[in-house]
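Let's take a friendly walk through a protein and the small molecule that sits with it. Keep the picture in view as you read, and look up each part as it comes along.

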Amino acid sequence: MEAEDQSDDFTYNSVAIQSSEKHDRVIIHIDIDCFYAQVEMILNPSLRGKPLGIKQKNIVVTCNYEARALGVEKLMSIKTALEKCPSLVLANGEDLKKYRDMSEKIYQILQSFSPFVEKLGLDENFIDITHKINKSSETTTEVSGHIFQNEDEVCTCGCNDRLKEGSVIAQEIRNQLKAELGITTCAGIACNKLLAKLVGATHKPNQQTTLFPASSLKLIKSLKHPRNIPGIGSAMNRKLEALGIDTIEKLQFTDLFKLIEAFGAKTANQIQQLSFGIDDSRVKITDKPKSIGAEDGFPTIKTESEVRKKLKCLLDRVWELVEKDGRRPSQVKLTVRKLHATNHSVREARQTAIDFMTGVTSNVTIGPLNENQEKKVITTLMNLFEKVVNCDESWQVTLLGISFSGFPSGIESPAKNSINKYFTSSSRPNEPLQPPAKRSRFDESVLQELPPDIRQEVLEEIQQLPSSSTSQQPEDFDCPKGVDPQIFRELPLEIQNELLAEEKKKKQILTKKPNNLLQYFRKV
Ligand code: DGT
Ligand code: MG
């Protein structure tokens, strides 16, 4: 396409593509300000007001805004950070537990505003509050916080009023997070996830910004380069650059067939839509993890008694997480990394059923392991160990991991499952807990209040919930090979996507199948 043709086509194309998108949703994206640093300052208020960096190995993974003002940046080496800011105070951020705990508390508060909360890594959440917007409201609400470059263009579908109301709810959510947890956040309010995330980052820290759909192209074009679109990771970006696509506008106007050749039809369509700010992926209710575990690496271990000792420490750590989760596992898995004489290491895992809580019904919340139960788990794990390592010969291991899975399905643990919690009627408190027919305990009146398309999706989701407590849930989710799923789940989403993109690339080389756009704005 000739350069001089582009502006006309741009108007035509963007209107054509935009008109295909409805503005009927109100989505809030919440991102915690300098997350790890805030947690450290909350736990140790004497750090407040000082430039603070959080270190993992030799990197400052994040820093507070005082440190940023003095030139420290996220992911800077400690050496450079200290050169920039000699007064930088460093806190060790290698134990993620405190961040995980705070993340969970944040999630609980968000869920009290809407059941439609999607957690991204530890510090980001999308909340769909469309069903909370008062459609009959005649009073014009003022926007709470900033408006992204509004030039009084008003869409006729009423979205501006809905988004204004959304901004008031976003402010309430952020106020509550501050009041209850002392944590400050940024929020973006828009009619889809992509735009909410992008607009939330335009005013930082501790601020919120609303985007009216008429300004969405301005926002997306302000990103300039396709790599700045969430969901376009480095692998995809390299491919785009190889095609000469190095601006958002070029991506918008590249012939779709050219993109299809490179990425496959689905991905090609999605990335071109994203380049116009269109994202119809819905807020996917975050489910409980399918497995809970931890791994520990070390120089070498050569005796069974050392293995036993390590497993005991690991079990203490992992069981604390299982207890917090509240569901009873029925499977345990042991992962071992063996070091061979040739100095190469191999990971192997074995899984088995555990019956150490026989007699406890699946609806009962679990507690700490007693001595007998602990012994039983360790014996089970040692049996698994002997399946992986031939203990009659000499051996060395450099990593051990324990993970529990096979949790009861959501339908059978209503108090713990977000969607169940929301839709379970509280009007029949004395009804005995019976194994329900699918959907039978969902409060139909709440369902009726939802917009029809969301209601349909929720109903489909409810139908898909597994109903057997004994069936073992699949362990795998989208996690690259060789990466600890627990750690992977907690990485920032951009990094998850990059790893997934690399993994996908490897698979494609093997299978020669077309590419797909990743997890980020996946339509479920
Ligand atoms: P913000 O949102 O700009 O105010 O600052 P943060 O610190 O909240 O940054 P964000 O939202 O990108 O990431 C959330 C937390 O995740 C951050 O506090 C530290 C951790 N994190 C971010 N990027 C990386 C990374 O590349 N590696 C590791 N290990 N952790 C990271
Ligand atoms: Mg953040």
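## Around the ligand

In this predicted model, a polar side-chain atom of D31 lies 3.1 Å from an oxygen atom of ligand 1. Two more pairs of this kind are worth finding, and the table sets them side by side with D31.

| Residue | Polar atom belongs to | Distance to an oxygen atom of ligand 1 |
|---|---|---|
| D31 | side chain | 3.1 Å |
| I32 | backbone | 3.0 Å |
| D123 | side chain | 2.9 Å |

How much of ligand 1 does the protein bury? Taken alone, ligand 1 exposes 600 Å², and the protein buries 84% of that.

Now widen the view to the whole shell. Ligand 1 is surrounded by 17 residues, and the closest are C34, Q56, T62, Y65 and K204. Sorted by class, the shell holds nine nonpolar, two polar and six charged residues. Four elements each supply at least two residues of this shell: strand β1 (27–32), helix α2 (35–43), strand β3 (59–63) and helix α3 (65–69).

Where does ligand 1 lie with respect to domain 1 and domain 2? Domain 1 (23–33 + 99–220) and domain 2 (42–93) both give residues to the shell, so ligand 1 lies between them.

## A helix under cover

Helix α2, which supplies residues to the shell, deserves a look of its own. Seven of its nine residues are buried, so α2 is largely enclosed by the rest of the structure. The buried ones are F35, Y36, A37, Q38, V39, E40 and M41. What covers them includes the strands β1, β2 (52–56), β3 and β5 (89–92), along with helix α5 (97–113).

Just before α2 comes C34, in the loop between β1 and α2. C34 is one of the closest residues to ligand 1. With a relative accessibility of 8%, C34 counts as buried, because the cut-off for that word is under 20%.

## Unusual backbone spots

Most residues other than glycine have a negative phi, and most peptide bonds are trans. Which places in this chain depart from that pattern?

C34 does, with a phi near 25°, a positive value in a residue other than glycine. L75 also has a positive phi, of about 65°, although it is not a glycine. You can find L75 in the loop between α3 and β4 (76–77). L75 is exposed, with a relative accessible area of 59%.

The peptide bond that joins K204 and P205 is cis, with omega at about -15°. K204 is another of the closest residues to ligand 1, while P205 sits in the loop between α7 and β10 (208–210).

## Four residues to visit

Start with V199, which is found in helix α7 (residues 193–200). Is V199 buried or exposed? At 0% relative accessibility, V199 counts as buried. Not counting residues up to four places away in sequence, V199 touches F148, G188, I189, T209, T210, L211 and L219. V199 and H29 are 170 residues apart in sequence, yet their C-alpha atoms are 8.9 Å apart in space.

Next, go to K338 in strand β12 (residues 331–339). K338 has 15% relative accessibility and so counts as buried. Its side chain makes a polar contact with the side chain of E348, at 3.1 Å. Leaving aside neighbours within four places in sequence, the contacts of K338 include H344, V346, V388 and Q396.

T380 belongs to helix α14 (residues 371–388). This residue counts as buried at 18% relative accessibility. Beyond neighbours within four places in sequence, T380 is in contact with V332, T352 and I354.

The last stop is N269, in helix α12 (residues 265–274). At 37% relative accessibility, N269 counts as partly exposed. N269 and F257 are twelve residues apart in sequence and 9.6 Å apart in space, C-alpha to C-alpha.

## The whole chain

Finally, step back and take in the full picture. The protein chain has 19 helices and 14 strands. Of its 524 residues, 47% are buried. The chain exposes about 25700 Å², with carbon and sulfur atoms supplying 51% of it. Among contacts between residues at least 6 apart in sequence, 66% join residues at least 24 apart.

Key
Residues numbered from 1 in each chain as written. Chains lettered and ligands numbered in written order. Predicted model: local features only at pLDDT ≥ 70, side-chain atom pairs only at ≥ 80, totals over all residues. Heavy atoms only, no water. Near = heavy atom within 4 Å. Polar contact = N/O pair within 3.5 Å; in protein donor to acceptor, adjacent residues only side chain to side chain. Areas by Shrake-Rupley, 256 points an atom, 1.4 Å probe, with all protein chains shown as cover. Nonpolar A, V, L, I, M, F, W, Y, C, P; charged D, E, K, R; others polar. Domains from an automatic or database assignment. Buried < 20%, exposed > 50% of the residue type's maximum accessible area, 1.4 Å probe, protein only. Contact = heavy atoms within 4.5 Å.
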